[in-house]
Amino acid sequence: MTRRARAIIAELLGTFFLLFIGGLAIWSALAAGGSLVIIALGFGFALLAGLYAFGEISGGHFNPAVSLGAWLDTRLDAATFVQYVVAQTSGAVLAGLALLWAASGSDTFASAQDGVAATATVPTVGVVSAFLLEALLTAIFVGMILKVGSSDLMGPSAFLAIPLSLVAITLAASPLTGASVNPARTLGSAIIGGEFTDVWIYLTAPFVGGAAGWYLYHLVTRGNDA
């Protein structure tokens with residue numbers, strides 16, 4: 001098996017693990033009365049485990065917006081970028097199917113299904129605000145990933161910085177936008193749940209944010225000295 005094939009499989013499995021565990025965390029939180037901390041830690045620890053399992057193989061993106069930043073920074077070629085996105089989306093769909101299978105016949109899942117199977121805004125947050133929040137949060141996330149991924153000073157602590165950032169993003173914005181910052185997460189859950197309300201926000205804003213995050217990273221770390 002080629003190195004690229006192993007990397008693509010790693011992206012599929014890593015995305016599956018992140019979103020399956022994250023979905024279970026949402027389900028558990030809602031079944032237990034709606035603890036946001038459970039959701040944030042579920043996604044954060046799942047990402048941490050995925051990075052340790054697959055980070056050295058594929059880079060541990062598990063997110064098309066992160067892969068976009070890596071491609072813009074010439075860390076991926078165009079063909080690998082497309083293959084990563086396909087693998088990540090496939091992993092997200094498989095995670096959604098696994099959640100539906102695991103929860104079939106469960107009364108608690110029926111009450112939590114909207115939160116598990118869809119990423120959506122809340123009535124108090126308008127479409128424009130949701131788009132801007134998702135884009136800005138993704139820009140921060142991608143810019144940080146690009147920086148720690150190229151730093152010789154941070155070393156192994158990079159694998160801690162990335163999940164902790166996702167925990168912070170989830171705590172800050174999950175009640176407002178769902179804090180997706182990941183088009184694969186939203187598309188996979190939308191396909192499984194059949195809920196496409198405002199889905200365009202979550203399929204476009206993270207890519208805008210990913211590009212902005214790369215630009216800011218490039219500007220700050222590689223700009224010519226005046």
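Arg-4 has a relative accessible area of 34% and is therefore partly exposed, a class that lies between buried (under 20% relative accessible area) and exposed (over 50%), as computed with a 1.4 Å probe on protein chains only. The model is predicted, so local features need pLDDT of at least 70 and side-chain atom pairs count only at pLDDT 80 or more, whereas totals for chains, interfaces and linings use all residues. Residues are numbered from 1 along each chain as its sequence is written, and side-chain values use heavy atoms, with hydrogens and water left out.

The structure holds 2 salt bridges, each defined by a side-chain nitrogen of Lys or Arg within 4 Å of a carboxyl oxygen of Asp or Glu. They are listed here.

| Salt bridge | Closest N and O atoms |
|---|---|
| Asp-77 and Arg-4 | 2.9 Å |
| Arg-75 and Asp-73 | 2.8 Å |

The pair of Asp-77 and Arg-4 links distant parts of the chain, 73 residues apart, with Asp-77 in the loop between α3 and α4 and Arg-4 in helix α1 (residues 3-31). Helices are DSSP runs (H or I, at least four residues), numbered from the N terminus. Asp-77 is partly exposed at 37% relative accessibility. In the other bridge, Arg-75 counts as partly exposed at 34%, while Asp-73 is buried at 4%.

Arg-75 also belongs to the pocket description. The largest pocket has a volume of about 430 Å³, and of the 22 residues that line this pocket, the closest to its centre are Gly-55, Gly-59, His-61, Arg-75 and Gly-149. A pocket is an open set of points on a 1 Å grid over the protein atoms alone, where a 1.4 Å probe fits, with protein on both sides within 12 Å along at least five of seven lines, and lining residues have an atom within 4 Å of a point. The volume is the space filled by probe spheres set on the points, which are joined across faces, edges and corners. At least two lining residues come from each of α2 (36-58), α3 (64-72), α6 (127-149) and α7 (158-177). By class, the lining has 11 nonpolar, 9 polar and 2 charged residues, with Gly counted as polar.

Helix α3 also takes part in an aromatic pair, as Trp-71 in α3 is joined with Phe-81 in helix α4 (residues 78-102), 10 residues apart. This pair is stacked, at 5.6 Å centre to centre and 10° between the planes; rings pair if their centres lie within 6.5 Å, and planes under 30 degrees apart count as stacked. Trp-71 is partly exposed at 35% relative accessibility, whereas Phe-81 is buried at 14%.

Definitions and conventions
Rings of Phe, Tyr and Trp (its six-membered ring) pair if their centres lie within 6.5 Å; planes under 30 degrees apart count as stacked, over 60 as edge-to-face and the rest as tilted.
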